[in-house]
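Please look over the structure shown below with its side-chain contacts in mind. The briefing that accompanies it is arranged by topic, for a reader who wishes to check each statement against the coordinates.

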Amino acid sequence: MSRKLTGKGLMVRDRMIQETARIIREEGFKYATVRTIADRAGVNIASIRYYFGSKDELIGEAIDYLMNNFENIVHYLEDKDATPEDRLFAFMQNYFRLANIHPALYRSISFSGSDSQQNTYFIYTNLLHDRCWEPILRTISEMTGIRNSKLLRIKGLQLFAALEYPLILHSNQSDVPDVALIYPKHAEEYIRVLIESLRQPTA
């Protein structure tokens with residue numbers, strides 16, 4: 001919706017987008033109701049229609065805001081001044097960091113029964129395959145010398161499985177003790193072991 005806004009109006013609009021994004025990433029789409037968004041943003045319900053035209057338009061803006069956060073970590077894979085190992089390390093380190101502020105996303109992967117949770121999961125898979133997948137495969141190929149497409153895809157799946165499985169356990173408050181290996185204190189060692197495993201030859 002196109003509406004000319006003053007500086008104060010732009011600040012209110014931005015706050016509504018940020019609060020909506022916060023609800024989606026921390027609690028899930030189901031909780032991004034008109035009333036909750038208005039309460040969190042400190043505005044009245046009519047403000048959603050005034051600034052965005054509809055709730056759907058606001059949700060779309062919030063999704064774009066979330067996607068920009070994900071896009072930022074993809075840039076680590078495209079740093080031509082860094083070695084392939086350093087690119088992968090930076091990507092994975094920031095992947096863990098970003099996952100910690102998007103717990104609802106990983107809960108939705110485990111419990112994707114409702115439409116709202118499936119929508120949250122769609123955001124994740126869309127970015128993963130459209131933006132992360134090919135840069136990851138290119139980086140692994142550069143690091144290992146592997147050119148076989150099937151083998152590269154297997155390595156890529158291994159990498160994401162090793163990233164996501166502990167995050168899913170953590171986001172669902174699992175008491176599996178080894179989940180602590182991805183906590184900041186241990187994450188560096190976890191990532192370096194993972195990178196080294198990608199280098200291992202596959203028969």
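The points below take up one helix, then salt bridges, then aromatic rings.

The model is predicted. Helix H5, which covers residues 84–100, recurs in what follows, since Arg 87 in helix H5 is joined to Glu 142 in helix H7 and Phe 91 in helix H5 is paired with Phe 160 in helix H8.

**Helix H5**

- With a rise of 1.5 Å a residue, the 17 residues of helix H5 should span 24 Å, and the end C-alpha atoms are 25 Å apart, which agrees with that expectation.
- Because twelve of its 17 residues are buried, helix H5 is largely enclosed by the rest of the structure.
- The buried residues of H5 include the aromatic residues Phe 89, Phe 91, Tyr 95 and Phe 96, and also among them are Pro 84, Arg 87, Met 92 and Asn 94.

**Salt bridges between helices**

- The count of salt bridges in the model comes to seven.
- Glu 142 and Arg 87 meet through their side chains in a salt bridge, at 2.6 Å from N to O; this pair links distant parts of the chain, with Glu 142 in helix H7 (residues 115–144) and Arg 87 in helix H5, 55 residues apart.
- The two partners of that bridge fall into separate accessibility classes, since Glu 142 is partly exposed with a relative accessible area of 49%, whereas Arg 87, at 7% relative accessibility, counts as buried.
- Glu 61 forms a salt bridge with Arg 13, in which the closest N and O atoms are 3.1 Å apart; Glu 61 lies in helix H4 (residues 55–74) and Arg 13 in helix H1, so this pair ties together parts that are 48 residues apart in sequence.
- Here too the acidic partner is partly exposed, Glu 61 having 29% relative accessibility, while Arg 13 is buried with a relative accessible area of 15%.

**Glu 19 and its surroundings in helix H1**

- Glu 19 belongs to helix H1, which runs over residues 7–26, and Glu 19 is buried, with a relative accessible area of 15%.
- A salt bridge joins the side chains of Arg 22 and Glu 19 at 3.5 Å from N to O, and both residues lie within helix H1, three residues apart, or about one turn of the helix.
- In this bridge the basic partner, Arg 22, counts as partly exposed at 32% relative accessibility, whereas Glu 19 is buried.
- When residues up to four places away in sequence are left out, Glu 19 touches Arg 40 and Ala 41.

**A salt-bridge network**

- Glu 85, Glu 196 and Arg 199 are linked to one another in a network of salt bridges.

**Aromatic rings**

- The structure holds six aromatic pairs; one of them, formed by Phe 91 and Phe 160, is edge-to-face, with 6.4 Å from centre to centre and 85° between the planes.
- Because Phe 91 lies in helix H5 and Phe 160 in helix H8 (residues 149–171), the pair ties together parts that are 69 residues apart in sequence.
- Phe 91 and Phe 160 are both buried, and ring pairs link them with Tyr 95 and Trp 133 into a cluster.
- Phe 89 has a charged neighbour, for Arg 192 lies over the face of its ring, at 4.2 Å from the ring centre.

Conventions. Residues are numbered from 1 along each chain as its sequence is written. This is a predicted model: local features need pLDDT of at least 70, side-chain atom pairs count only at pLDDT 80 or more; totals for chains, interfaces and linings use all residues. Side-chain values use heavy atoms; hydrogens and water are left out. Helices (H or I, at least four residues) and strands (E, at least two) are DSSP runs, numbered from the N terminus. The expected span of a helix is 1.5 Å times one less than its number of residues. Buried means under 20% relative accessible area, exposed over 50%, partly exposed in between (1.4 Å probe, protein chains only). Contact means heavy atoms within 4.5 Å. A salt bridge is a side-chain nitrogen of Lys or Arg within 4 Å of a carboxyl oxygen of Asp or Glu. Rings of Phe, Tyr and Trp (its six-membered ring) pair if their centres lie within 6.5 Å; planes under 30 degrees apart count as stacked, over 60 as edge-to-face and the rest as tilted. A charge sits over a ring if NZ of Lys or CZ of Arg is within 6 Å of the ring centre and within 35 degrees of the ring normal.
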